[in-house]
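Colleague: I would like to learn how to read a model like this one. Could you walk me through it, feature by feature?

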2 protein chains.
Amino acid sequence: MRHDRDSVVDAALRILDEWGLPELTMRRLAAALEVQPSALYHHFANKQTLLAAVADRIQEAARPGPSPALPWYEATLAEAVNVRDALLAYRDGAEVVLSTRALGLGGDAAHERLAAALRRGHDPETAGLVATALLHLILGDASLAQQRLQADSLGAVAPGTPDASDPGLVFRLGVELLLSGLELAEQSARVE
Amino acid sequence: MRHDRDSVVDAALRILDEWGLPELTMRRLAAALEVQPSALYHHFANKQTLLAAVADRIQEAARPGPSPALPWYEATLAEAVNVRDALLAYRDGAEVVLSTRALGLGGDAAHERLAAALRRGHDPETAGLVATALLHLILGDASLAQQRLQADSLGAVAPGTPDASDPGLVFRLGVELLLSGLELAEQSARVE
DNA sequence: ACCTGAACACCGTTCAAGT
DNA sequence: ACCTGAACACCGTTCAAGT
């Protein structure tokens, strides 16, 4: 049986979700496809490029954007939840997207969603910057939350981890404070 | 020559700063100490535990805290800068702290600094939560900024990266919006 | 307490060669 | 275009044994 890039990414996503990122090796992926490890290098130049394709698929699986009628605050909040949910939908999804983005690989779907929502009420430059800050908060929070799931399942106890009783509390608080700070800055600029 | 845990961490920090996290292998560390790889397992149970000790040292190297006279807003801003600077002081420092924290290993020095500053103006529970949100923003932003340095030095071009012209712009904007959102929430609570 | 020597079970990647 | 087979240069970790 022969494969193309898409089917390789399919198999990679299945291994990622079932076994986690450390188990997603080129050799294991090749075995799942019943192929030699070297065959994978026909489809992707190296493992990082493959992971970038995986990251893109995780981001593109997010829910459709909010209704165009929603004002910027509510639209951005909704997109933040959409992005976070997409990252959490696959095991270790946040870490894959974080490291891919850090290396300058892969697409920009998550950032663009947040920026588009913010542009409903702000100039493009501000929207881009705030989208980046939001995305960093979401990526940092989601990868910590996700890796903690693993650590917990292995019996480890994390230090100072307020998320345990209400997962997502820090995320919601952080996003809402950031957006209300933005609203405040906008209002005081209008008064001047 | 014989070594203890501290001297092993010293050597690990030197390799980290000079060569980066991917090059910080147990075998390379052993070679730098002129010792067999297996000797390292006398000092640390495994590589993750060693990295946790490295992460603690990075966090503890932060500048002394702000003057006790400063109000919570300014004190927290100052500590956020201190924490970020400490993470950026060693190559890949943010990533080491992020992954260690995610696994529930290592200490909590950075979080505690932020929480202590916030407690100057807020109840301990709110201070803890906001400190976590701030730390996630800082860790996400710093590890992306740091890995981008590597990517850039290899000639890669990152997509949608507003930080290029002013490094730290997203960090400052994010932290200030978050804190002014908190100030706003506090004022409206006082009116009610 | 701290280390050696040797081994085990893996990695990512390359490359000539096949169909 | 897609893959095999074999190899290269690495990993983290274990364990009996040494001083």
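**Contacts with DNA strand D**

Modeller: Let's start with one atom pair: an N or O atom in the side chain of B:Tyr41 is 2.8 Å from a phosphate oxygen of DNA strand D. That is a polar contact, a pair of N or O atoms within 3.5 Å; within protein, one must be able to donate a hydrogen and the other to accept it, and residues adjacent in sequence count only if both atoms are side-chain atoms. Before we go on, note that this is a predicted model, where local features need pLDDT of at least 70 and side-chain atom pairs count only at pLDDT 80 or more, while totals for chains, interfaces and linings use all residues. Residues are numbered from 1 along each chain as its sequence is written, chains are lettered from A and ligands numbered from 1 in the order in which they are written, and side-chain values use heavy atoms, with hydrogens and water left out.

Colleague: Which polar backbone atoms approach a phosphate oxygen of DNA strand D?

Modeller: One belongs to B:Met26, at 3.0 Å from a phosphate oxygen, and another to A:Met1, at 3.4 Å.

Colleague: How do I read the wider surroundings of DNA strand D, and which residues come nearest?

Modeller: A residue is near a strand or molecule if one of its heavy atoms lies within 4 Å of it. Here 16 residues surround DNA strand D, and A:Gln36, A:Ser38, A:His43, B:Arg27 and B:Tyr41 come nearest. Of the strand's atoms that come within 4 Å of the protein, 53% are sugar and phosphate. By class, the nearby surface has eight polar, five nonpolar and three charged residues. In that scheme Ala, Val, Leu, Ile, Met, Phe, Trp, Tyr, Cys and Pro are nonpolar, Asp, Glu, Lys and Arg are charged, and the others, Gly among them, are polar.

Colleague: Now salt bridges: how many are there over all chains?

Modeller: A salt bridge is a side-chain nitrogen of Lys or Arg within 4 Å of a carboxyl oxygen of Asp or Glu. The whole structure has 16 of them over all chains. One joins A:Asp10 and A:Arg57, at 2.1 Å from N to O. This pair links distant parts of the chain, with A:Asp10 in helix H1 (residues 5-19) and A:Arg57 in helix H3 (residues 47-60) of chain A, 47 residues apart. Helices are DSSP runs (H or I, at least four residues; strands are E, at least two), numbered from the N terminus. A:Asp6 joins A:Asp10 and A:Arg57 in a network of salt bridges.

Colleague: Is A:Asp10 buried or partly exposed?

Modeller: Buried means under 20% relative accessible area, exposed over 50%, partly exposed in between (1.4 Å probe, protein chains only). A:Asp10 has 33% relative accessibility, so A:Asp10 counts as partly exposed. A:Arg57 is also partly exposed, because its relative accessible area is 25%.

Colleague: Which salt bridge involves A:Arg84?

Modeller: A:Arg84 meets A:Asp141 at 2.8 Å, N to O. The two sit in helix H4 and helix H7 (residues 124-153) of chain A, 57 residues apart, and both are buried.

Colleague: Last, how do I read a nonpolar core?

Modeller: In soluble globular proteins, nonpolar side chains tend to be buried together. A nonpolar core is a set of buried Ala, Val, Leu, Ile, Met, Phe, Trp, Tyr and Cys residues joined through side-chain atoms within 4.5 Å. The largest one here has 102 residues, of which A:Leu29, A:Val54, A:Leu118, B:Leu29, B:Val54 and B:Leu118 touch the most other members.
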